[in-house]
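When a fold is read from its side chains, a useful place to begin is with the charged pairs, and from there one can turn to the way a helix presents its faces. The paragraphs below follow that order.

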Amino acid sequence: MERFENFCGRIQRMIADERTITRKIENGRELVSELVIRPDWFFDYLKKMILEPSSFESRSPGIWPNEYALYRSPERSFVVLAYIWDAKLADIIHDHGSWGIIGTLCARLGERKYERIDDGGREGYAEIRETEHKVCGPGETTFVLPLNKGLHAMDNPTDGIAVSINLYGKTIRQGYIQFFDPEKKTVTRAFPPRTLKEVLAVKTLAAIDPSRAEGVLRKALGTSRPPQLIEQYEAALARIRGK
Ligand SMILES: [Fe+2]
C-alpha cells in the first residue's frame with residue numbers, strides 16, 4: 001500500500017499547488033495513470049478487506065453499491081474511490097458534485113459522455129444528447145467536470161471483472177447526485193442509502209397523515225440537518241400546504 005500512500009501525498013501537494021481545475025485534471029490524470037498501471041497495491045487492499053473485515057465495517061455506504069472508499073483527505077480537498085465492475089455492469093447516466101478522474105486498473109471500461117440541451121428550468125425535466133463514446137484500457141484515464149458539465153455513464157463491456165480508480169476533487173454540491181433518463185427526459189436525485197431512508201420517511205409521513213406530519217417536519221427542521229435534507233423537508237411542507 002506504500003505506492004497508494006505516496007500517490008495520495010502527491011495528489012495532495014498537486015491540488016494545493018495548482019490553481020485551475022484544468023491543471024488539476026491534467027496533472028491528476030498522469031498520477032492516476034501511474035497508479036493504476038501496476039495494480040499490486042489494490043490486491044493488498046482487497047486482501048486486507050477479506051482477511052480483516054472488522055477494519056472496514058464503520059464506513060457508511062455511498063450511492064453506488066460497487067464503490068470502495070480508499071481515502072478521504074482530512075481537509076476534504078479530494079477522495080479516492082475504487083469501483084469494481086462485474087461483467088457487463090453499466091451505471092445510470094449521472095452528474096457529479098465535483099471534478100473527477102477515472103483510471104482503469106483492470107480490464108476495460110466504456111464511457112459515454114452527454115451534454116444537457118434543455119435550460120434546466122423545469123423541475124424533474126432534462127434533455128440530454130450523447131457526445132462521446134470511448135473505451136479505456138489499463139492505465140488509461142478519462143475525466144468529468146462538476147454538475148451539468150460532466151454527465152456520463154460508465155460500463156464494463158467485458159465478460160470478466162473490471163476495476164476503476166476514481167479521484168474526485170473538492171465537492172461543490174454535497175449529499176446527492178442526479179440520474180438522467182434520455183428516453184423519459186427526466187432528471188431525479190439519488191441519495192446515499194442512509195439519506196434515502198430519511199427522504200422516503202419524510203414523504204411517507206405526509207402521505208399517511210398530512211396534519212400530523214406538518215408538526216413532525218417543523219420539529220425536525222428546528223434541529224440540525226444537512227442542506228440536501230432541509231430541501232426535502234421544506235418541499236414536503238410546501239406539498240402539505242398546497243393540498
Ligand atoms: Fe461518474
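A search of the whole structure, which is a predicted model, finds 14 salt bridges. One of the pairs is formed by Arg3 and Asp40, whose closest N and O atoms are 3.2 Å apart. Arg3 belongs to helix α1 (residues 2-17) whereas Asp40 belongs to helix α3 (residues 40-51), so this salt bridge ties together parts that are 37 residues apart in sequence. Neither partner reaches the cut-off for burial, which is under 20% relative accessible area: Arg3 is partly exposed at 23%, and Asp40 is likewise partly exposed, with a relative accessibility of 40%.

A second salt bridge joins two residues that sit in another kind of surrounding. The side chains of Lys113 and Glu111 meet with an N to O distance of 3.0 Å, and here both Lys113 and Glu111 are buried.

A third pair lies within a single helix. Glu214 and Arg218 form a salt bridge in which the closest N and O atoms are 3.2 Å apart, and both residues lie in helix α5 (residues 210-221), where a spacing of four residues amounts to about one turn of the helix. An α-helix has 3.6 residues a turn, so residues three or four places apart point the same way. Glu214 is partly exposed, with a relative accessible area of 23%, and Arg218 is also partly exposed, at 44%. Salt bridges can also share partners, as they do where Glu18, Arg23 and Glu26 are linked in a network.

From the charged pairs we turn to helix α4 (residues 193-208), which has 16 residues and reaches 22 Å from its first C-alpha to its last, close to the 22 Å expected at 1.5 Å a residue. Which residues of α4 are buried? They include Thr195, Val199, Val202 and Ala206. Seen down the axis of α4, the buried residues fall within an arc of 60°, so they line one face of the helix. What do these buried residues pack against? Their partners are α5, the helix that holds the Glu214 and Arg218 pair, and α6 (227-242). On the other side of α4, by contrast, Arg194, Lys197, Ala207 and Ile208 are exposed, and the exposed set thus includes Ala207 and Ile208 alongside Arg194 and Lys197.

Definitions and conventions
Residues numbered from 1 in each chain as written. Predicted model: local features only at pLDDT ≥ 70, side-chain atom pairs only at ≥ 80, totals over all residues. Heavy atoms only, no water. Salt bridge = Lys/Arg side-chain N within 4 Å of Asp/Glu carboxyl O. Helix = DSSP H or I, 4+ residues; strand = E, 2+ residues; numbered from the N terminus. Buried < 20%, exposed > 50% of the residue type's maximum accessible area, 1.4 Å probe, protein only. Expected span 1.5 Å × (residues − 1). Arc of directions from axis to C-beta. Contact = heavy atoms within 4.5 Å.
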